[in-house]
Amino acid sequence: MVDTEAGADQMRREQAGANKIVRKRKLTLSDMLLYAMILVIGILASQSMGATIQGTSMETVQETTLSGTVTMAGSTSMETFVNALAEGFMNRYPQVIVTAEFTGSSAGIEAVLAGSVDIGNSSRRLRPEEKAAGAVEHVVALDGIVVVTDADNFVGELTKEQLGEIYQGNIRNWRQVGGTDTAIVVVGREAGSGTRETFEAFLGLEDTCAYANELHSTGAVMARVSSTPGAIGYVSFEVLDDTVSVVAIDGVMPTEEAIREGLYRLSRPYVMVTKGELEKQCETVREFFLYLDAEEGKSLLRRAGGILPDE
């Protein structure tokens with residue numbers, strides 16, 4: 001009897017132990033499955049996060065590792081927004097250095113064709129012989145050439161014919177066009193200036209104007225006209241301020257809308273010139289033109305006074 005009870009107890013103990021082992025084994029398998037699921041989810045999340053981080057870092061690397069130089073020369077009329085674009089581009093790409101000289105449109109085109117700069121800035125269209133030499137123009141903005149007088153001059157409008165007579169020296173006193181008895185001082189730009197070439201072509205007076213002063217920058221023309229009683233000159237729309245008076249031509253004032261729509265006829269494009277097409281340029285120059293076409297570049301052009309042709 002004792003042996004039978006002892007045997008039964010032994011069997012119950014062994015069965016209980018077996019059940020514990022089974023339960024322990026089931027718990028271990030469940031934990032392993034759970035751990036495996038957590039591990040898989042973690043790997044997938046890590047890969048997804050890694051892809052996101054990698055994408056962001058590659059974009060950042062592209063912006064921060066672009067290096068090299070962009071060199072420009074040319075139009076003094078384009079100085080304001082060229083400097084703004086150069087600063088903005090260098091802020092975007094800190095390892096790129098952008099330099100610009102303001103030597104006049106023709107000099108800038110000559111420089112790019114000679115290979116001494118990457119971009120020639122011109123405030124006039126290219127001539128056929130410049131295109132034949134490999135120059136390619138890229139219009140980046142529009143500009144009006146504005147006729148200005150000293151601030152005390154109350155003649156607010158001239159016809160195209162009157163303007164031509166003044167610049168030929170046939171009209172010499174403001175009273176001949178409705179003003180006061182004051183001698184007219186004719187101010188203009190130097191030979192080789194894109195602004196001068198466009199202005200004279202508009203009047204049909206290429207190389208026949210009678211200048212009292214020929215100056216080498218838009219700023220110099222503004223300063224001379226504003227400080228000289230009876231003076232008349234022509235400058236870029238973007239540099240206008242209250243130190244001078246603006247003259248309407250044939251009844252049309254130079255406004256952004258009138259320039260963009262072609263109503264104000266004394267206007268011209270701002271051109272950036274490369275030697276060869278863009279795909280032949282170095283990476284930094286290609287990126288510079290992409291920047292110009294992006295909203296950030298366009299915004300800088302607007303703030304600097306450039307008139308965008310497609311708005």
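User: Which residues does Gly74 touch, not counting residues up to four places away in sequence?
Analyst: The model is predicted: local features need pLDDT of at least 70, side-chain atom pairs count only at pLDDT 80 or more, and totals for chains, interfaces and linings use all residues. Residues are numbered from 1 along each chain as its sequence is written, and side-chain values use heavy atoms, without hydrogens and water. With contact meaning heavy atoms within 4.5 Å, and with residues up to four places away in sequence not counted, Gly74 touches Glu101, Phe102, Thr103, Gly104, Ser105, Gly108 and Asn121.

User: Is Gly74 buried or exposed?
Analyst: Gly74 lies in strand 1, which covers residues 68-74; helices (H or I, at least four residues) and strands (E, at least two) are DSSP runs numbered from the N terminus. Accessibility is judged by relative accessible area: under 20% is buried, over 50% exposed and in between partly exposed (1.4 Å probe, protein chains only). Since its relative accessibility is 0%, Gly74 counts as buried.

User: What distance separates the C-alpha atoms of Gly74 and Ser122?
Analyst: Along the chain, Gly74 and Ser122 are 48 residues apart. In space, their C-alpha atoms are separated by 5.9 Å.

User: Which residues are in contact with Leu266, leaving aside its neighbours within four places in sequence?
Analyst: Leu266 is found in the loop between helix 8 and strand 10 (267-275). Its relative accessible area is 2%, and therefore Leu266 is buried. One distant partner is Gly144: it is 122 residues apart from Leu266 along the chain, yet the two C-alpha atoms are separated by 6.1 Å. Without the neighbours within four places in sequence, the residues in contact with Leu266 are Gly144, Ile145, Val147, Thr198, Phe199 and Phe202.

User: Which residues are in contact with Arg175, leaving aside its neighbours within four places in sequence?
Analyst: Arg175 is found in the loop between helix 5 (160-168) and strand 6 (185-189). With a relative accessible area of 55%, Arg175 is exposed. The C-alpha atoms of Arg175 and Val155, 20 residues apart along the chain, are separated by 9.4 Å. Leaving aside its neighbours within four places in sequence, Arg175 is in contact with Thr180 and Asp181.

User: How are helix 9 and helix 10 oriented to each other?
Analyst: Axes are lines fitted to C-alpha atoms, for helices over the stretch in contact, and angles run from 0 to 180 degrees between N-to-C directions. Helix 9 (residues 283-293) and helix 10 (residues 295-303) pack at an angle of about 70°, with their axes 4 Å apart. Angles under 35 degrees count as roughly parallel, over 145 as roughly antiparallel, 65 to 115 as roughly perpendicular and the rest as oblique. Helix 9 and helix 10 are therefore roughly perpendicular.

User: Which residues in helix 10 are met by Tyr291, Leu292 and Asp293?
Analyst: Tyr291, Leu292 and Asp293 belong to helix 9. On the side of helix 10, they meet Glu295, Glu296, Gly297, Lys298 and Leu300.

User: Which residues does Glu296 touch, not counting residues up to four places away in sequence?
Analyst: Glu296 is placed in helix 10. Its relative accessible area is 33%, so Glu296 is partly exposed. The C-alpha atoms of Glu296 and Phe89 are separated by 9.4 Å, although the two are 207 residues apart along the chain. When residues up to four places away in sequence are not counted, Glu296 touches Gly88, Arg92 and Tyr291.

User: What positive phi does Asp207 have?
Analyst: Most residues other than glycine have a negative phi. Asp207 is found in the loop between helix 6 (194-203) and strand 7 (213-215), and it is exposed, with a relative accessible area of 66%. Although it is not a glycine, Asp207 has a positive phi of about 60°.

User: What positive phi does Asp250 have?
Analyst: Asp250 has its place in the loop between strand 9 (244-249) and helix 8 (256-260). At a relative accessible area of 35%, Asp250 is partly exposed. Asp250 is not a glycine, and its positive phi is about 50°.

User: How many disulfides are found in a search of the whole structure?
Analyst: A disulfide is a pair of cysteine sulfur atoms within 2.5 Å. Cys209 is buried, with a relative accessible area of 14%, whereas Cys282 is partly exposed, at 38%. The number of disulfides found in the whole structure is zero.

User: Of the 311 residues of the protein chain, what percentage count as buried?
Analyst: The protein chain has 10 helices and 10 strands. Among its contacts between residues at least 6 apart in sequence, 73% join residues at least 24 apart. Of the 311 residues, the share that count as buried is 42%.
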